[in-house]
Amino acid sequence: MGYENIRVEKRGKVGLITLDRPKALNALCAALVAELSTALDAFEEDEKIGCVVLTGSAKAFAAGADIKEMQPLDFTQAYLTDLITPWDRVARNRKPIIAAVAGYALGGGCELAMMCDFIIAADTAKFGQPEITLGTMPGAGGTQRLTRFVGKSKAMEMCLTGRMMDAEEAERCGLVSRVVAADDLIDEALKAAEKIADFSLPVVMLTKESVNRAYETTLAEGIRFERRVFHATFATHDQNEGMTAFLEKRSPQFENK
């Protein structure tokens, strides 16, 4: 399929999606989001893909939603069309997604990055939720995911003032997993994705589901869920192969089953 707003590549077992609206700083228009959903569906169905990297340009991961599309809408149109909800496709992805963020990740761009499983940031990255300056508020999880990442006080400040957070602060408060030099960003993200993709895909997916459960339930219920999923891995070929390989002092040959 041909795409107009994104670029899609396969790098071995890794799918690479690059947001590509340079003149609009990768603003998230409906067409881009639809293409992103299609690309993720294709990678989800591809048995050879074990992890996805989502990135933008050196200047902007995504500077926000496309305000030109949103400005004319009234409440009824926003509600009946369920504005923003199609973006949730990223959060629903079963295979891991790594956000590789350089430059601006603002508003919807910050929210899109937070929908991914973890963020590797270039030292040029800037994160923020500036919707308050436009007379509105975050609508793609900004008040919810950001609060879970950085805590109430910092999230409240950012959402109420529109202040941006640089990469160093983002790492310090847990929004990003680590910061790398801008020139190394894609290589580092691909390296992490390749490592994940070399593991057992069903076990990777179960692990992702278990970590996400920590944000959705109590500690006691989360531990119970984790324990049962851990038990379930003993029904897989890959668990037996991984432990056998360890005892035999060799590299495991996972078959994703």
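Q: Quick one to start: what does Arg163 count as, going by its relative accessibility?
A: In this predicted model, Arg163 counts as partly exposed because its relative accessibility is 26%.

Q: And what does the side chain of Arg163 meet in a salt bridge?
A: The partner is Glu169, and the side chains of Arg163 and Glu169 come together with an N to O distance of 2.9 Å.

Q: Buried or exposed, that Glu169?
A: Glu169 counts as buried, because its relative accessibility is 11% and the cut-off for buried is under 20%.

Q: How many salt bridges does the structure hold?
A: There are 17 salt bridges in the structure. As general background, side chains of opposite charge can pair when their charged atoms come close.

Q: Which residue does Glu44 pair with?
A: Glu44 forms a salt bridge with Arg89, and their closest N and O atoms are 3.9 Å apart. This pair links distant parts of the chain, since Glu44 belongs to helix α1 while Arg89 sits in the loop between α3 and β5, with their positions 45 residues apart.

Q: What about accessibility, for Glu44 and for Arg89?
A: Glu44 counts as partly exposed because its relative accessibility is 24%, whereas Arg89, at 9%, counts as buried.

Q: Now Glu188, where does that lie?
A: Glu188 lies in helix α8. Leaving aside neighbours within four places in sequence, the residues in contact with Glu188 are Ile120, Arg178 and Val180.

Q: Which of those forms a salt bridge with Glu188?
A: Arg178 does, with the closest N and O atoms of the pair 3.2 Å apart. Here too the pair links distant parts of the chain, as Glu188 is in helix α8 (residues 185-197) and Arg178 is in strand β10, ten residues apart. Arg178 counts as partly exposed because its relative accessibility is 30%.

Q: Going back to Arg163 for a second, which residues share a salt-bridge network with it?
A: Salt bridges with shared partners join Arg163 to Lys154, Glu157 and Glu169, which makes one network of these residues.

Q: And what separates Glu188 from Ala121 in space?
A: Their C-alpha atoms are 9.9 Å apart, although the two residues are 67 positions from each other along the chain.

Q: Changing topic: what is the strand order in the sheet that holds β10?
A: That is an open sheet of six strands with mixed pairing, and the order runs β1-β2-β3-β5-β7-β10. Its edge strands are β1 (6-11) and β10 (178-180), and each of these pairs on one side only. From one strand to the next, the twist averages 20°.

Q: How do β1 and β2 run relative to each other, parallel or antiparallel?
A: They run antiparallel, and six bridges join β1 to β2, the latter covering residues 14-19. Along this pairing Ile6 stands opposite Leu19, and Val8 is placed opposite Ile17.

Q: How many residues sit between the strands in that hairpin?
A: Two residues lie between β1 and β2 there, and within this hairpin Gly12 takes a positive phi near 65°.

Q: Which helix lies across β1?
A: Helix α1 (residues 30-45) does, and besides β1 it lies across β2, β3 (51-55) and β5 (97-101), with an angle of about 15° to β1.

Q: What can you tell me about Ala34?
A: Ala34 is placed in helix α1, and it counts as partly exposed because its relative accessibility is 44%. From Ala34 to Asn5 the C-alpha distance is 9.6 Å, while the two are 29 residues apart in sequence.

Q: What about the sheet with β4 in it, what's the order there?
A: Four strands make up that open sheet in the order β4-β6-β8-β9, and the pairing is mixed. The edges are β4 (60-62) and β9 (165-166), each with a single partner strand, so one side of each has no neighbour in the sheet.

Q: How many bridges join β8 to β9?
A: Two bridges join them, with β8 (residues 126-128) and β9 running antiparallel; Lys126 has Asp166 in β9 as its bridge partner.

Q: Last thing, which residues form the nonpolar patch on the surface?
A: Phe75, Tyr79 and Leu80 form it, and together they have about 440 Å² of accessible area. Phe75 is in helix α3 (residues 75-80), and it counts as exposed because its relative accessibility is 64%.

Conventions: Residues are numbered from 1 along each chain as its sequence is written. This is a predicted model: local features need pLDDT of at least 70, side-chain atom pairs count only at pLDDT 80 or more; totals for chains, interfaces and linings use all residues. Side-chain values use heavy atoms; hydrogens and water are left out. Two strands pair if DSSP finds at least two bridges between them. Axes are lines fitted to C-alpha atoms, for helices over the stretch in contact, and angles run from 0 to 180 degrees between N-to-C directions. Contact means heavy atoms within 4.5 Å. Patches are made of residues with over 30% relative accessible area and no salt bridge: like charges are joined within 9 Å, nonpolar side chains (Val, Leu, Ile, Met, Phe, Trp, Tyr) within 5 Å. Accessible areas come from the Shrake-Rupley method with a 1.4 Å probe; for residues, only the protein chains shown count as cover. A salt bridge is a side-chain nitrogen of Lys or Arg within 4 Å of a carboxyl oxygen of Asp or Glu. Buried means under 20% relative accessible area, exposed over 50%, partly exposed in between (1.4 Å probe, protein chains only).
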